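This report describes the fold of one protein chain, beginning with a helix and the strands beneath it. Please consult the sequence and the structure shown here while reading.

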Amino acid sequence: MKRNKGFTLVELMVVMVVIGILGAVAIGFTNTDSSRGKGLYNHMVSTGEALLRIKNDVGCNINEFRPLFDRAEATAENSFCGINIGNRWQGPYTKPLPVNDDGNLLADRFAAEVVVTIVQDGNRFLLEAAGVPTDVARNAVAECNSADVATDPPTDFTGNARCISPNFNADNGTNTVRYAFDFR
């Protein structure tokens, strides 16, 4: 009698169910506050690098995100220095990013309703993420400053702090994360 080689449909279905369960467990482990905090920090770093590239080309920092990927938005109104930056634009500096009507970056993949803006604070240019859940903010700032997650994040740029959470309040639910990408 000849025996057929291969897997039965039932065996294949059992393997698919096991793979599905393992995948669901893996997704649960990767969507933690720690991974979202690290992701937010890495996103702010790569966006800050794109902002520095456009600054090197056009001579000043921009005040919204659309000029990073759209030359038509590289105008005097969209720069901190008030000069027409379109004639020096060498972009795109990043792939198109999700922005709101004000040109602010929507970063809701890290938490619902997180909005990132470009802020000038004295001699610093910052990326400011608002509406960040407390534990995500704590993890993002800790990753940025190579600090212990158990401690509250710094609230000002003293020492070697590159990221802060001004007015950090563990009981508030949401906080702000500031990343200094450019010092004059």
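## A helix across three strands

In this predicted model, helix α3, formed by residues 134–145, lies across β3, β4 and β5. Its direction is at about 145° to that of β3.

## The sheet

The strands β1, β2, β3, β5 and β4, in that order, make up an open sheet of five strands with antiparallel pairing. At the edges stand β1 (105–106) and β4 (163–164), each of which pairs on one side only. Helix α2, residues 33–58, also packs on the sheet and touches β1, β2, β3, β4 and β5. The direction of helix α2 makes about 35° with that of β5.

In general, the strands of a sheet pair through backbone hydrogen bonds.

## Pairings between strands

Strands β2 and β3 run antiparallel and are joined by seven bridges. Asp121 has Arg124, in β3, as its bridge partner. The hairpin of β2 and β3 has two residues between the strands, and Gly122 in this hairpin takes a positive phi near 65°.

Strand β3 also pairs with β5, in the antiparallel sense, over eight bridges. Within β5, Val177 stands opposite Ala129. Strand β5, comprising residues 174–183, is joined in turn to β4 by two bridges, and these two strands run antiparallel. Here Cys163 stands opposite Tyr179 of β5.

## A covered part of the fold

Strand β3 is mostly covered, with seven of its ten residues buried. In strand β5, is Val177 buried or exposed? Val177 counts as buried because its relative accessibility is 1%, and the cut-off for a buried residue is under 20%.

Apart from its neighbours within four places in sequence, Val177 is in contact with several residues, including Met44, Leu127, Ala129, Val141 and Ile164. Ala129 is thus named twice in this account: as a contact of Val177 and as the residue opposite Val177.

## A nonpolar patch on the surface

Val10, Val14 and Val18 make a nonpolar surface patch of about 260 Å². Val14 is found in helix α1, which consists of residues 9–30. Val14 is described as partly exposed because its relative accessible area is 49%, and the term exposed requires over 50%.

How far apart are the C-alpha atoms of Val177 and Val18? They are separated by 40 Å, and the two residues are 159 residues apart along the chain. Val18 contributes to the surface patch, whereas Val177 is buried.

Technical notes: Residues are numbered from 1 along each chain as its sequence is written. This is a predicted model: local features need pLDDT of at least 70, side-chain atom pairs count only at pLDDT 80 or more; totals for chains, interfaces and linings use all residues. Side-chain values use heavy atoms; hydrogens and water are left out. Two strands pair if DSSP finds at least two bridges between them. Helices (H or I, at least four residues) and strands (E, at least two) are DSSP runs, numbered from the N terminus. Contact means heavy atoms within 4.5 Å. Axes are lines fitted to C-alpha atoms, for helices over the stretch in contact, and angles run from 0 to 180 degrees between N-to-C directions. Patches are made of residues with over 30% relative accessible area and no salt bridge: like charges are joined within 9 Å, nonpolar side chains (Val, Leu, Ile, Met, Phe, Trp, Tyr) within 5 Å. Accessible areas come from the Shrake-Rupley method with a 1.4 Å probe; for residues, only the protein chains shown count as cover. A salt bridge is a side-chain nitrogen of Lys or Arg within 4 Å of a carboxyl oxygen of Asp or Glu. Buried means under 20% relative accessible area, exposed over 50%, partly exposed in between (1.4 Å probe, protein chains only).
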